[in-house]
Amino acid sequence: MGGGISANLVLWHGLRYGGGRVLGQQRSIMDKNASVTVRAEPYEYEFVPAKCALLIIDMQRDFLEPGGFGEMLGNDVSQLRRTIEPNKKLLAAWRKAGLQVMHTREGHRPDLTDLPPAKKVRGRSASCIGDPGPMGRILVRGEAGHDIIPELYPLPSEPVIDKPGKGAFFATDLQAILNNRGITHLVVTGVTTEVCVNTTVREANDRGYECLIPEDCVGSYFPQFQEMGLKMIKAQGGIFGWVTNSAQILDAINS
């Protein structure tokens with residue numbers, strides 16, 4: 001990375017994060033090609049906005065909406081729904097700044113030929129992937145439950161990555177899209193923290209992308225997994241990436 005804090009973006013503001021006093025910034029028109037610094041753990045995260053994409057993971061109806069597949073399995077969807085409002089604010093600001101946005105959806109072909117038998121049977125649930133669910137066939141592309149929630153629905157210009165696995169790079173064209181658009185850094189949000197978010201961040205790290213995760217924009221059905229999932233990302237000097245909150249990112253990109 002490298003580069004200093006852009007002079008027109010950082011002044012001390014009096015917020016706190018990670019135990020230190022946080023610098024706010026002077027409100028100014030953002031230069032997309034100038035380095036921006038965000039207060040984060042384990043240390044500051046620097047990126048050039050033109051080379052950074054917001055990657056929103058699996059904010060799908062079946063996972064987040066009451067009556068969906070997630071709730072049918074006995075999960076508390078409120079643990080995921082708390083991420084909707086922070087994601088809405090971050091997405092709105094990202095779009096307003098003219099920065100790149102991408103979305104993912106986990107799901108399979110209607111004929112299930114991309115579904116490994118081991119994934120279908122895992123969990124020994126009474127209802128499996130491909131079976132009828134509350135919002136159509138479970139985790140099948142084109143079904144209502146597979147789609148992204150209305151609050152965060154993609155614009156026509158925003159790529160949607162349909163992935164058959166947990167990670168967004170496996171069996172998808174995500175890396176080709178990132179390479180073609182000159183993306184080197186990712187702000188990763190979505191669900192769930194310990195599964196698809198963590199897997200994607202690890203995949204991205206292996207491919208040389210620098211990932212920042214706002215903790216209020218990612219969620220797990222299980223609070224203990226939320227906590228540990230974030231700790232694993234920022235451990236050992238940021239072994240997989242950086243952790244912050246959405247307020248810090250908004251401060252950096254809002255004009």
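**Notebook: strand 5 and helix 8**

I began with strand 5, which pairs with strand 6 (residues 100–106) in the parallel sense over five bridges; strands here are DSSP runs (E, at least two residues), helices likewise (H or I, at least four), numbered from the N terminus, and two strands pair if DSSP finds at least two bridges between them. I note that this is a predicted model, in which local features need pLDDT of at least 70 and side-chain atom pairs count only at pLDDT 80 or more, while totals for chains, interfaces and linings use all residues. Residues are numbered from 1 along each chain as its sequence is written, and side-chain values use heavy atoms, with hydrogens and water left out.

Within the strand 6 pairing, I found Val 101 as the bridge partner of Leu 54. I then looked at strand 10 (residues 185–191), which pairs with strand 5 in the parallel sense over six bridges, with Thr 189 opposite Ile 56.

I next checked the cover of strand 5 (residues 52–57) and found six of its six residues buried, that is, under 20% relative accessible area (1.4 Å probe, protein chains only). Cys 52, Leu 54 and Ile 56 point one way, Ala 53, Leu 55 and Ile 57 the other.

I turned to helix 8 (residues 223–238), whose 16 residues should span 22 Å at 1.5 Å a residue (times one less than the number of residues); its end C-alpha atoms are 21 Å apart, which agrees. I recorded that the buried residues of helix 8 are Gln 226, Gly 229, Leu 230, Ile 233 and Gly 238.

Conventions. Buried < 20%, exposed > 50% of the residue type's maximum accessible area, 1.4 Å probe, protein only.
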